[in-house]
Number of protein chains: 2
Amino acid sequence: MGAFFKIRKGIVAVSHTLEDGRRQITALRAPGDCVGYLEKDGVYAFEGEALTDVEACAFDRRRFDDFVSVQPDLAAALVEALSSALKQSGMLSLVLGQLRSTERVAHFLAEISALYAERHVSLARPLTLHMGRSEIADYLGLTIETVSRSIGKLKSRGIIATVESGEVVILDDQRLREAGKVSR
Amino acid sequence: MGAFFKIRKGIVAVSHTLEDGRRQITALRAPGDCVGYLEKDGVYAFEGEALTDVEACAFDRRRFDDFVSVQPDLAAALVEALSSALKQSGMLSLVLGQLRSTERVAHFLAEISALYAERHVSLARPLTLHMGRSEIADYLGLTIETVSRSIGKLKSRGIIATVESGEVVILDDQRLREAGKVSR
DNA sequence: CGGATGGTTTGATATCGATCAAGGACAGGC
DNA sequence: GCCTGTCCTTGATCGATATCAAACCATCCG
């Protein structure tokens, strides 16, 4: 109630569900990110789901806003966090609106890989996605079957491999980023 | 160079283009909104295109940031603007990832109608979209043909009508919002 | 071990929207 | 008036992805 969270450990999916059950994951949040800031009168604009065990700091929204107004550094950090989230969100729109299924999956894998490396979620190869096919599908606007087939295509092209227990090994980072249109 | 803008009059489309020419409009900005804040070292994350004649205030990014740090009110306004943009962006992801073509177009028309009313772009009916089929298509992740056919479907259902010169008349606001899944 | 369970993959078919191709409608210029 | 270009609509076909269905494969548990 009137709270928001800064993630210390773990991964959170931010999503929105339609009345008929269709769901879109609109963002993935990693350690250092905030969740639940888009709230008004106790109503949150989006839902949050923990994909792993999560450790987070809870802040009281009202007190935080008061504190921000006398702490320029904090305000700057908040602006930075929101800017970064906005940029990410715009990129997701690009992915959902313009890329085809295999491009989306390639983009997703490259994104996850970069995110986890950057935020030290797990430095280890192979990469643990922390998401089932169902979450990936809801993030990319696809079905689980199409996600599965796209992963199959990337495997057959020698770009990735999968280990038992579902982890992914990126065999060719260069070509993965090309396939996901995120080369630049 | 290091500048961003606050729109005083007119509509701006924020977009991103892939190397192969595919383009996604990631946001529409109306009077009161800012454009070009997501910039780093002179590189903008997205492109902006004026859909109408635009009147805007230009701010020097560096000076503005300095000024923000000593003006809590301004910081709060910036946070508010970014929060609102982020919420909008998440909703666009939902539209692109989950809605089918006619739902997307209905959503778009309801959104434009609400936006223009709220920002006093033009109070007049019929509604002038200020976007050609091509811009609508790039915003909704569809082709111009599909946009055209979807508008046709909404017309045949008696939800909207079009006037010569392309303006749209919303005949049944209730059903339009239902069709665009934005009833709630 | 055998059987249930949940997630993933694979296959067959259907559907929506893209693509390709014409055909209006309207404005501007000669 | 007539030509030209641009934008929008309409039609026919194709193709990517959804849907439906079944098989596969771990893991868990009796």
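**Protein chains A and B at DNA strand C**

DNA strand C is surrounded by 13 residues, and the closest are A:Arg133, A:Ser148, A:Arg149, B:Ser101 and B:Thr146. Of the atoms of DNA strand C that come within 4 Å of the protein, 68% belong to sugar and phosphate. The model described here is a predicted one.

Individual polar contacts give this surface its detail. On the side of chain A, a polar side-chain atom of A:Arg149 is placed 3.0 Å from a base nitrogen of DNA strand C. In chain B, a base nitrogen of DNA strand C has a polar side-chain atom of B:Glu145 at 3.1 Å. The backbone of the strand is also addressed: an N or O atom in the side chain of B:Thr143 lies 3.0 Å from a phosphate oxygen of DNA strand C. Helix H5 (144-156) of chain A and helix H5 (144-156) of chain B are the elements that give two or more residues to the surface near DNA strand C. By residue class, this surface comprises 6 charged, 6 polar and 1 nonpolar.

The relation between the two protein chains can be considered next. A turn of 180° with a shift of 0.0 Å along the axis lays chain B on chain A with an RMSD of 0.0 Å. The two copies are therefore related as by a two-fold rotation axis. Both copies use the same surface, since 100% of the contact residues of chain B recur in chain A.

Within chain B, the surroundings of one leucine may be followed. B:Leu140 belongs to helix H4 (residues 133-140) of chain B. B:Leu140 counts as buried because its relative accessibility is 1%, under the limit of 20%. Not counting residues up to four places away in sequence, B:Leu140 touches B:Gln24, B:Val95, B:Leu96, B:Arg104, B:Val105 and B:Phe108. One of these partners, B:Arg104, is 36 residues from B:Leu140 in sequence, yet the two are 6.5 Å apart in space, C-alpha to C-alpha.

The cysteines remain to be examined. How many disulfides are there over all chains? The count comes to 0. A disulfide requires two cysteine sulfur atoms within 2.5 Å. For A:Cys34, the closest cysteine sulfur is that of A:Cys57, at 9.3 Å, so the distance is too far for a bond. Conversely, the closest cysteine sulfur to A:Cys57 is in A:Cys34. A:Cys34 counts as partly exposed because its relative accessibility is 25%, and A:Cys57 is likewise partly exposed, at 23%.

Conventions:
Residues are numbered from 1 along each chain as its sequence is written. Chains are lettered from A and ligands numbered from 1 in the order in which they are written. This is a predicted model: local features need pLDDT of at least 70, side-chain atom pairs count only at pLDDT 80 or more; totals for chains, interfaces and linings use all residues. Side-chain values use heavy atoms; hydrogens and water are left out. Buried means under 20% relative accessible area, exposed over 50%, partly exposed in between (1.4 Å probe, protein chains only). Copies are superposed by least squares on the C-alpha atoms of residues with pLDDT of at least 70 in both. Contact means heavy atoms within 4.5 Å. A residue is near a molecule or strand if one of its heavy atoms lies within 4 Å of it. A polar contact is a pair of N or O atoms within 3.5 Å; within protein, one must be able to donate a hydrogen and the other to accept it, and residues adjacent in sequence count only if both atoms are side-chain atoms. Helices (H or I, at least four residues) and strands (E, at least two) are DSSP runs, numbered from the N terminus. Ala, Val, Leu, Ile, Met, Phe, Trp, Tyr, Cys and Pro count as nonpolar, Asp, Glu, Lys and Arg as charged, and the others, Gly among them, as polar.
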